[in-house]
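The following exercises concern burial, packing and aromatic geometry in a single protein model. Each task is followed by a worked solution in steps.

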Amino acid sequence: MSTLFALDAMGKEAAPAYDKLVQLLDVPDSQFNIQVRVCHIFRNLGEIAKPAIPRLMKLADEGVPSARTAAYVTLGMLGPSPDHDIVGLLTKRLDTFYLLDKERALIGLGYLGAEA
């Protein structure tokens, strides 16, 4: 976790760790929230992290609540993707039962701006 916090603080300079970070999205670790921290790092990476959009969309569908909702915000911050319906995914989450899902989906849509 210390390494992930350090990478988060590095901003775009964390780019060399991108491949390993994508692999960490597959670590189902709700105790330490590894997937959540990776989402935060991807937010800082911006365009560099766009290739992770398919994996983030999967996390948004299948992750534990904390990771799932972190993926919503991250997808919004990474911006629109011509190959993936981020707006559709986030809009669908507005109809869920859980308030956190709705709130984070709205935040993600807000980052998408006019695209949403």
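The model is predicted.

**Exercise 1. Classify the aromatic pairs and locate their members.**

Step 1. Begin with burial: Y18 and F42 are both buried.

Step 2. Count the pairs. The whole structure contains two aromatic pairs.

Step 3. Take the pair of Y18 and F42. The ring centres are 5.7 Å apart and the planes meet at 40°, so this pair is tilted. The class follows because planes under 30 degrees apart would count as stacked and planes over 60 as edge-to-face.

Step 4. Place this pair in the fold. Y18 belongs to helix α2 and F42 to helix α3, so the pair ties together parts that are 24 residues apart in sequence.

Step 5. Turn to F97 and Y98. This aromatic pair is edge-to-face, with 5.3 Å centre to centre and 85° between the planes.

Step 6. Assign the exposure of F97 and Y98. F97 has a relative accessibility of 73% and therefore counts as exposed. Y98, with a relative accessible area of 51%, is exposed as well; the cut-off for this class is over 50%.

**Exercise 2. Describe the largest nonpolar core and the surroundings of F42.**

Step 1. Identify the central members. The largest nonpolar core has 35 residues, of which L4, L21, V38, F42, L56 and L75 touch the most other members.

Step 2. Trace the contributors. At least two residues of this core come from each of α1, α2, α3, α4, α5, α6 and α7 (99–112). The largest share, seven residues, is supplied by α3.

Step 3. List the neighbours of F42. Leaving aside residues up to four places away in sequence, F42 touches Y18, L21, V22, L25, A49, A52, L56, T74 and L78.

**Exercise 3. Determine which residues of helix α4 are buried and what they pack against.**

Step 1. Helix α4 covers residues 53–62, and its buried residues are I53, R55, L56, M57, L59 and A60.

Step 2. These buried residues of α4 pack against α3, α5 (65–78) and α6 (86–93).

Step 3. Relate the pattern to helix geometry. An α-helix has 3.6 residues a turn, so residues three or four places apart point the same way.

**Exercise 4. Is D101 buried or exposed, and which residues does it touch?**

Step 1. D101 is placed in helix α7.

Step 2. The relative accessibility of D101 is 2%, so D101 counts as buried; the limit for this class is under 20%.

Step 3. With residues up to four places away in sequence not counted, D101 touches R68, T69, Y72, R93 and T96.

**Exercise 5. Examine two residues of helix α1 and a nonpolar surface patch.**

Step 1. A9 lies in helix α1 and is exposed, at 69% relative accessible area. A9 and I41 are separated by 32 residues in sequence and by 8.1 Å in space, C-alpha to C-alpha.

Step 2. M10 also lies in helix α1, which comprises residues 2–10. With 38% relative accessibility, M10 counts as partly exposed. From M10 to C39 the separation is 29 residues in sequence and 14 Å in space, C-alpha to C-alpha.

Step 3. M1, F5 and F32 make a nonpolar surface patch of about 300 Å². F32 sits in the loop between α2 (18–24) and α3 (34–45) and is partly exposed, with a relative accessible area of 46%.

Notes. Residues are numbered from 1 along each chain as its sequence is written. This is a predicted model: local features need pLDDT of at least 70, side-chain atom pairs count only at pLDDT 80 or more; totals for chains, interfaces and linings use all residues. Side-chain values use heavy atoms; hydrogens and water are left out. Patches are made of residues with over 30% relative accessible area and no salt bridge: like charges are joined within 9 Å, nonpolar side chains (Val, Leu, Ile, Met, Phe, Trp, Tyr) within 5 Å. Accessible areas come from the Shrake-Rupley method with a 1.4 Å probe; for residues, only the protein chains shown count as cover. A salt bridge is a side-chain nitrogen of Lys or Arg within 4 Å of a carboxyl oxygen of Asp or Glu. Helices (H or I, at least four residues) and strands (E, at least two) are DSSP runs, numbered from the N terminus. Buried means under 20% relative accessible area, exposed over 50%, partly exposed in between (1.4 Å probe, protein chains only). Contact means heavy atoms within 4.5 Å. A nonpolar core is a set of buried Ala, Val, Leu, Ile, Met, Phe, Trp, Tyr and Cys residues joined through side-chain atoms within 4.5 Å. Rings of Phe, Tyr and Trp (its six-membered ring) pair if their centres lie within 6.5 Å; planes under 30 degrees apart count as stacked, over 60 as edge-to-face and the rest as tilted.
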